[in-house]
Amino acid sequence: MYRYDIINDELLIMNQTIRIIFAIILIALSFTYPANADSQKFNLRLKSDANLTGKSFANKTKRCGVNSAQSGDRHFEALVSIYRQDSITLTGGTFKCSTQNVIFIDKSLNIVIDKIKATKGSDNPIEIRNSTVMIKNSTFSDSPGNKCVETENSFVIFYKNKFINCKNAFDMETTKRPVKSGFGPQQDIAIFLNNSFINIRDDGFHCHDRTYNLGVGHLFLKGNGFVSNMPGYTFRKFGKIKDCTNVHRINKELEDAIKTGNFNLAEKIARDIVAKS
């Protein structure tokens with residue numbers, strides 16, 4: 001009996017020790033999990049269609065959205081990066097916080113962005129380079145020291161989007177001949193149909209020729225609304241000096257193509273108008 005009691009006592013002590021160790025592990029996990037969440041960094045590299053409706057992706061990077069904090073590689077710092085892809089659709093999702101672009105698209109064709117929200121990019125919420133893209137039903141916001149959206153050597157359609165709380169709403173740049181495309185930078189095109197610009201501090205549209213010899217791009221506008229009621233804001237549609245010199249009105253044929261989502265037809269119509277201008 002004496003030996004049996006010793007064994008029972010040893011088993012009891014062992015069980016108590018295991019419980020204590022397990023409790024310590026649980027306490028440690030309860031403290032370390034928030035730290036891991038704080039350091040979570042999203043960097044989605046899209047290579048196929050994605051429906052992220054109802055999902056949110058937020059980095060915890062310090063000072064994201066502040067222009068002076070801009071740093072890092074665009075592809076690695078973006079929450080969504082689309083690079084050298086063709087015919088991809090991104091639907092839904094909320095993306096927040098980058099020291100570069102929240103969404104970065106480069107060297108891609110026939111990309112569709114629908115019903116997304118991108119906010120707090122130190123450079124801007126979305127930047128598009130050397131690509132053809134259609135963006136609709138989306139919101140880009142909270143880059144008070146920079147632009148809401150920037151394009152470079154690209155063809156982009158903006159339909160029924162909101163641009164909120166940025167220094168400037170839009171900037172188009174011509175820098176070089178685009179990659180993987182059949183058009184030259186002298187035909188950079190941005191089309192804005194039925195978008196809302198809210199609390200833009202300074203300017204709506206800017207167009208720049210960084211090569212100084214290829215010429216600025218072409219801007220198509222119709223049905224866009226502008227509201228800037230913030231104290232001290234000096235909103236001007238084209239800035240103090242209008243540098244978007246090639247501005248076209250969207251005709252019914254182009255409008256219908258955009259509203260029906262006929263990307264290729266819309267591009268053809270717009271390019272024909274540019275070629276004849």
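Of the 277 residues in the chain, 48% are buried. The model is a predicted one, and its chain contains 4 helices and 20 strands. The accessible surface of the chain amounts to about 13,800 Å², with carbon and sulfur atoms contributing 55% of that area. When contacts between residues at least 6 apart in sequence are considered, 61% of them join residues at least 24 apart.

The packing of two helices was examined next. Two packed helices are described by the angle between their axes and the distance between the axes. Helix α3 spans residues 252-259 and helix α4 spans residues 263-276. Their axes lie 8 Å apart and form an angle of about 155°. Because this angle is over 145 degrees, α3 is roughly antiparallel to α4. The crossing of the two helices is left-handed. On the α3 side, the residues that take part in the contact are Glu 253, Leu 254, Ala 257 and Ile 258. These meet Leu 265, Ala 266, Ile 269 and Ala 270 of α4.

Several individual residues were then considered, beginning with Asp 114. This residue belongs to strand β8, which covers residues 111-114. Its relative accessible area is 10%, under the 20% limit, and Asp 114 is therefore classed as buried. The side chain of Asp 114 forms a polar contact with the side chain of Asn 137, at 2.9 Å. Asn 137 also appears among the residues that Asp 114 touches beyond four places in sequence, together with Lys 136 and Ser 138. The remaining members of that set are Leu 90, Thr 91 and Gly 92.

A polar contact between side chains is likewise found at Asn 153, which is placed in the loop between β12 (139-152) and β13 (155-159). The partner is the side chain of Asn 130, at 3.2 Å. Asn 153 and Asn 130 are 23 residues apart along the chain, while their C-alpha atoms are separated by 4.9 Å. With a relative accessible area of 0%, Asn 153 is buried.

Met 172 is located in strand β14, formed by residues 162-174. This methionine is also buried, and its relative accessible area is 1%. Residues up to four places away in sequence being set aside, Met 172 touches Thr 151, the stretch Asp 188, Ile 189 and Ala 190, and further along the chain His 206, Cys 207 and His 208. Gly 217, His 218 and Leu 219 complete this list of contacts. The C-alpha atom of Met 172 is separated by 8.0 Å from that of Phe 205, a residue 33 positions away along the chain.

Backbone geometry was considered last. Most residues other than glycine have a negative phi, and most peptide bonds are trans. Lys 107 has a positive phi, near 50°, and Lys 120 also has a positive value, of about 65°. Lys 107 is situated in the loop between β7 (101-106) and β8, whereas Lys 120 lies within strand β9, residues 117-121. The relative accessibility of Lys 107 is 13%, and this lysine thus counts as buried. Lys 120, at 30% relative accessibility, counts as partly exposed.

Notes:
Residues are numbered from 1 along each chain as its sequence is written. This is a predicted model: local features need pLDDT of at least 70, side-chain atom pairs count only at pLDDT 80 or more; totals for chains, interfaces and linings use all residues. Side-chain values use heavy atoms; hydrogens and water are left out. Buried means under 20% relative accessible area, exposed over 50%, partly exposed in between (1.4 Å probe, protein chains only). A polar contact is a pair of N or O atoms within 3.5 Å; within protein, one must be able to donate a hydrogen and the other to accept it, and residues adjacent in sequence count only if both atoms are side-chain atoms. Contact means heavy atoms within 4.5 Å. Accessible areas come from the Shrake-Rupley method with a 1.4 Å probe; for residues, only the protein chains shown count as cover. Axes are lines fitted to C-alpha atoms, for helices over the stretch in contact, and angles run from 0 to 180 degrees between N-to-C directions. Angles under 35 degrees count as roughly parallel, over 145 as roughly antiparallel, 65 to 115 as roughly perpendicular and the rest as oblique. A crossing is left-handed if the near helix is turned anticlockwise from the far one by less than a right angle, and right-handed if clockwise.
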